[in-house]
Structure formats: structure tokens, C-alpha cells
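This report describes a structure for a reader who has not met it before. The sequence and the structure come first, and the description follows.

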Amino acid sequence: MSGRAAQARLAGVVLGTGALLGVALVLAASVGAGRASLWALFGPADEIERAILLDVRLPRVVLAAILGGALTVAGAVFQALLRNPLADPYVLGVSGGASIGGIVALLFGAGSATILGSLGVPAAAFAGALAALLLIERVATVGGRLSVYTLLLTGAIFNAFSAALIYFLQSIASLEELHGIVFYLMGRIPSYAASEIAVLGFAVVATVVALTAMARDYNALSLGEEGARQLGVDVERVKRRTFVLGSLLTALAVSVAGLVGFVGLVVPHVLRRLLGPDHRLLLPAAFLGGAAFLVLADLVARVLVAPSELPVGVVTALVGGPFFLYLLRGSTRDFTGR
Amino acid sequence: MTSPAASGPVVEARGLAFAFGARQVVTGVTLEVGAGEIVGLVGPNGSGKSTIVRVLSGVLPGYDGSARVAGREVRSISPRELARTLAVVPQEPTFGFAFTAIEIVLMGRHPHLGGLAFESERDIALAEQALVRCGAADLARRSIHELSAGERQRIVFARALAQEPRACLLDEPASFLDIRHQVELYDLVREIATEQHVAVLTVLHDLNLAAEYCDRIYLLRDGRIEAGGATADVLTYPNLKRVFDTDVYVDVNAVTGKLLVVPLPGRIQRRSDA
């Protein structure tokens with residue numbers, strides 16, 4: 001493949017996954033409880049329709065896109081960091097810290113009636129995630145170097161510890177609180193104001209761009225840490241940045257939406273099958289494709305049991321799990337895309 | 001042809017020492033490799049050969065003494081700058097994801113490219129030429145995971161060529177190759193060294209390959225250099241007996257005029273002891 005051909009391929013991939021996201025956004029914004037068509041934005045329409053679209057559906061759909069993109073990119077870079085396609089955004093433990101922070105806020109503090117409003121739980125969850133990030137990075141740094149194996153072990157142990165702590169908190173919670181905790185953990189796309197979504201979107205896109213800048217380093221990293229170092233990659237810097245930035249993406253997503261599973265595992269895996277392992281194509285495609293996936297999953301969550309709705313994490317796991325098994329069984333290739 | 005003496009050694013160690021924790025694996029090693037030279041590192045398992053290669057390649061910065069590439073101390077050169085000067089062919093390369101052979105070779109251009117850049121037409125031409133030189137042009141589109149160990153080793157060597165290095169470190173690159181591919185690989189190493197004045201330091205287990213292709217040899221034991229010099233002066237019976245602690249038969253290869261080294265079976269060694 002020539003250099004120009006590679007760039008054309010990148011453009012094709014971005015256009016393709018971008019178009020997919022566009023279709024998903026339009027579809028998801030058009031369907032839902034309450035009649036409101038997208039055309040209401042352009043023509044003379046009644047105020048209720050406009051309000052449903054602009055204040056309820058669009059913010060939620062856009063938020064789902066941002067979170068889906070964040071989780072998928074986090075999954076893809078953790079897979080590159082650990083050289084293991086079975087890694088997901090939650091494997092390194094930051095999600096455990098976020099869950100604990102969020103649940104503590106649910107139980108002991110920021111109720112939705114306070115001034116902090118809906119930001120109370122996410123802010124506490126994000127603080128929990130940052131604390132976990134700092135702790136895990138400290139433990140996994142051995143002799144000034146971030147050890148990937150220690151990182152993986154620390155993450156697994158931290159997740160197990162968090163689970164125990166969450167069970168403990170659940171055991172002392174009242175019945176209503178328990179309901180809130182369970183729904184929080186299952187993952188759902190909340191209602192946010194446009195300004196909040198804009199801030200979140202900016203943070204996520206900036207982080208994704210910083211990670212994508214290391215795409216060629218990730219390619220070299222597939223040759224092992226020494227192999228990458230011998231090709232000129234500053235391996236320690238790439239590992240540390242990837243852990244911190246990937247964890248930030250995960251922390252943002254979990255703080256806002258709880259534990260939405262399988263997005264960060266299945267979507268990078270499918271894209272790697274379709275596009276090959278080159279991270280210069282994979283990461284942009286992961287952002288756009290992951291965004292489209294979560295928008296559609298959230299659409300299903302909203303309409304499947306309407307007028308009630310499912311937690312989106314239930315939909316992603318119900319769809320993602322069997323689909324993942326199908327991919328693994330239905331192919332002569334193994335996990336690594338061989 | 002550039003004379004090694006005129007430009008100074010490209011790869012150099014002075015009083016080099018390295019320890020993994022409390023275990024000292026390399027002690028007081030002094031060696032040099034000039035442009036266009038093939039220099040062999042020979043010695044028993046665990047004698048420190050691979051550690052020397054790893055120190056020189058920059059992955060073990062905690063060494064004592066001096067390790068220099070192109071006149072600069074290895075631990076003070078950025079990975080990127082070092083990789084523009086020095087290519088490494090490891091003993092057992094690993095491949096995490098299913099890149100194609102040409103993509104692996106193109107990774108050799110990594111240190112020459114800017115942060116986000118895609119490879120230029122020139123980078124791609126260099127990678128394709130490297131594949132052709134290694135007799136692997138037909139493997140270009142194959143997944144690296146589908147290739148045999150010998151084919152992979154040729155791809156990795158092609159990657160080293162695409163890196164356009166001034167020096168190349170080979171850590172037993174021929175250990176998984178059949179005899180034809182061993183010879184082809186080292187013929188290629190000889191060509192690159194001679195034509196492009198690349199300094200080559202290679203770890204070898206096969207003493208006959210060493211005798212055939214190396215200009216000079218360092219014989220290692222327990223992390224120290226036991227003997228160093230022109231190949232014919234180093235691969236002698238007393239040296240090999242002392243370093244490997246086994247008997248060998250050393251003769252002259254009637255076809256090439258180089259040394260011929262054959263390890264002797266234990267029963268013959270016992271008879272000669274008696």
C-alpha cells in the first residue's frame with residue numbers, strides 16, 4: 001500500500017464510520033416516546049415537538065455517542081498497551097474506583113434534589129476514579145517503570161476489592177437506595193444539559209486525539225516492549241500516557257453512565273477484523289464506530305419495553321456477548337485476528 | 001571503502017558491566033565494531049552475549065562502564081535517535097497483532113517518520129526493496145502469523161534493512177533457519193556490511209557460520225571476554241576447550257579455507273582423557 005493509498009484508506013474509514021454514526025444519530029433522534037420528527041427542527045412546528053427533540057432526545061443521543069466513542073477508544077488502547085485483544089476499558093481497575101465514588105454519593109450525599117443536582121454522583125464517581133488511577137499507577141510502577149503485568153494484576157485485584165466494597169454498601173443500603181445503586185451499576189445514559197455535554201465532549205475528543213497521536217507507537221508496541229524501544233518508541237512514556245489517558249476516558253464514561261459493558265471489547269474487535277490491526281485506522285474508526293454502536297444500543301434500550309426503558313448496559317451485554325461468541329466461533333482465526 | 005580505523009568504531013563497549021539485581025552477568029567487557037565489519041559474539045549459554053546486545057540496543061539502561069553507538073553513550077541517546085542509527089534483529093521476535101509482512105517491514109521506518117505521518121512513497125519503496133533483498137517479496141501481503149519461523153526471521157531482517165542503520169545487532173538470527181536460509185541470511189549480512197558499510201555485531205552459536213562470516217570474534221565466558229581478535233586466531237582448540245569446557249576438532253575447511261569446528265561426542269572425549 002502506498003502512502004497516498006493509506007491516507008485514502010483512512011479517509012474512507014472515517015467517512016464510512018462517520019456515515020454510520022450519522023445514520024445512527026438521525027434514527028435515534030427520530031424514534032422514541034412522544035411523537036417528534038426531526039423535520040420539526042426545520043419547518044414550522046409546535047413547541048412541544050421542538051422541546052422533545054432539543055431538550056430530551058438530542059442531548060441524550062449525543063451523550064450516548066460521546067460515551068460510546070470514549071469507551072471504545074479506551075478499550076482499543078488498553079488492548080494495544082496489554083497486547084491482548086481481550087482487554088476492555090474496565091480491566092485496569094479505574095471503573096471500580098468510579099463505581100465506589102458514585103455509590104457513596106448516592107448513599108450519603110448528593111441527592112438529585114440538591115444544588116449539585118445530577119452532577120453530584122458523577123463528580124463523586126470521577127473523584128473515585130482519579131483516586132483509583134493514582135493508586136494503581138503508584139503500585140504498578142516498579143523501579144521507575146510502569147510494569148504492564150503488575151498493572152493488569154493490580155487492576156484485577158482492585159476490581160475484586162471494589163466489588164466487595166460495593167456489596168458491602170449494598171448490604172447496608174435501604175431498599176430504594178439499593179434500586180438506585182443497581183440501576184447505576186447497570187449503566188444508563190442520563191439526561192444532561194447541552195452545556196455539560198459540550199464540556200464532556202470536548203474533554204473526550206481532546207483525549208482521543210492525544211491517544212490517536214500515538215497510533216504508530218501502538219503498532220510498534222505489538223512487537224513487544226523491547227522491540228518497540230528498538231524501533232525508536234519511548235515505551236515508558238507511551239505506556240504511562242496510555243494508562244492515564246485511557247483511564248480518564250473510562251473514568252468520564254463510568255462517572256456519567258455507570259458500567260456500560262462490552263462496547264469497549266466488541267467494537268474494537270470487530271473493527272480490527274474489518275480494517276486490520278493498524279491503529280492509525282483503528283482508533284478513529286473506534287471512536288466513530290463505538291459512538292454509533294452505543295447510540296443504537298440506547299435506542300433499543302428506549303424502545304424495547306416502551307414506555308419504560310432498559311438500562312443500556314443490559315442491551316450492550318445482551319447483544320455484545322452472543323455476538324462476540326459468534327465472532328470467535330464463526331472464524332478460523334483466533335482472538336488476535338490471526 | 002571506509003576504513004574502520006579512520007572513522008572510529010560504530011559500536012563500542014569499554015569496561016561494560018551489567019547485573020540483573022545481585023546477579024552479575026556482564027563484567028568488564030571491552031569490544032568494538034567498525035563500519036563494514038562483521039564481528040561475532042561467541043560463548044556458552046548464559047555467558048552474557050544477549051545481555052551485551054540488549055545493553056547496546058538501549059533496552060537495559062542500568063549498565064556500568066561505557067556503551068557507545070556512533071560515538072554517543074547509549075543511555076543518553078533518545079530511543080528515536082538510537083533507532084535511526086542502530087537496527088536490532090532479536091532471537092525470537094514476537095508479533096502481537098496480525099500485521100502483514102510489509103506492514104512489519106514498514107515499521108522499520110518508524111524512527112524516520114514524524115509523529116502522525118503516514119509512510120511516504122520513498123519509505124514504501126525502501127520496504128519493498130528490503131523484502132526483495134531478503135527473498136521475501138512474495139510474502140508481502142501475508143499475515144505475519146501465517147509465516148514460518150524462518151520466513152518471519154527474514155521479514156524481521158528486511159525490517160532492519162528498511163531502517164537504513166549504520167550498525168546492526170543480530171541476536172542468533174539463524175537459530176530457527178535451515179542451512180540454506182542460514183547461508184542466505186549471512187550472505188546478505190556480508191553484502192550489507194560490505195556495500196553499505198554497516199557495522200554488524202552478531203551473536204552466534206554455530207561456530208562454522210562464525211568461522212565463515214565473521215571478520216573478528218569475541219569469545220565470552222561467565223560475562224567476560226576470554227579471547228578476542230581475528231577469527232582464525234580466536235577459534236582455536238585451546239580457546240574453545242577452555243570456554244565451552246568440551247572437546248572439539250578444529251581443522252581447515254578444504255573448500256573455503258576457513259576454520260572448520262566439529263564438537264566431539266562424549267565417548268571420544270572420555271577415551272582421550274584416559
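The buried residues of α11(A) are V263(A), G264(A), L265(A), V266(A), V267(A), P268(A), H269(A), L271(A), R272(A) and L275(A). A residue is buried if 20 or more other C-beta atoms, placed from the backbone, lie within 10 Å of its own, exposed if 12 or fewer, and partly exposed in between. With ten of its 13 residues buried, α11(A) is mostly covered. Helices (H or I, at least four residues) and strands (E, at least two) are DSSP runs, numbered from the N terminus. The 13 residues of helix α11 (residues 263-275) of chain A should span 18 Å at 1.5 Å a residue, and its end C-alpha atoms are 18 Å apart, which agrees. That expected span is 1.5 Å times one less than the number of residues. G276(A), just after α11(A), takes a positive phi of about 90°.

This is a predicted model, in which local features need pLDDT of at least 70 and side-chain atom pairs count only at pLDDT 80 or more, while totals for chains, interfaces and linings use all residues. Residues are numbered from 1 along each chain as its sequence is written, and chains are lettered from A and ligands numbered from 1 in the order in which they are written. The predictor gives the complex an ipTM of 0.90 and a pTM of 0.90.

pLDDT is the predictor's confidence in each residue, from 0 to 100. Chain B has a mean pLDDT of 91, and 95% of its residues reach 70 or more. The table gives the lowest and highest element means in chain B.

| Element of chain B | Residues | Mean pLDDT |
|---|---|---|
| helix α1 (lowest) | residues 4-7 | 51 |
| strand β3 (highest) | residues 38-42 | 97 |

The largest nonpolar core has 187 residues, and those with the most contacts inside it are L67(A), V73(A), V295(A), V105(B) and V200(B). Such a core is a set of buried Ala, Val, Leu, Ile, Met, Phe, Trp, Tyr and Cys residues joined through C-beta atoms within 7 Å. Helix α2 (residues 47-82) of chain A supplies the largest share of this core, 18 residues.

Chain B also has an open sheet of four strands in the order β2-β1-β4-β5, with antiparallel pairing. Two strands pair if DSSP finds at least two bridges between them. Strand β1 (residues 11-20) of chain B is joined to strand β4 (residues 64-69) of chain B by five bridges. The bridge partner of R14(B) in β4(B) is S66(B).
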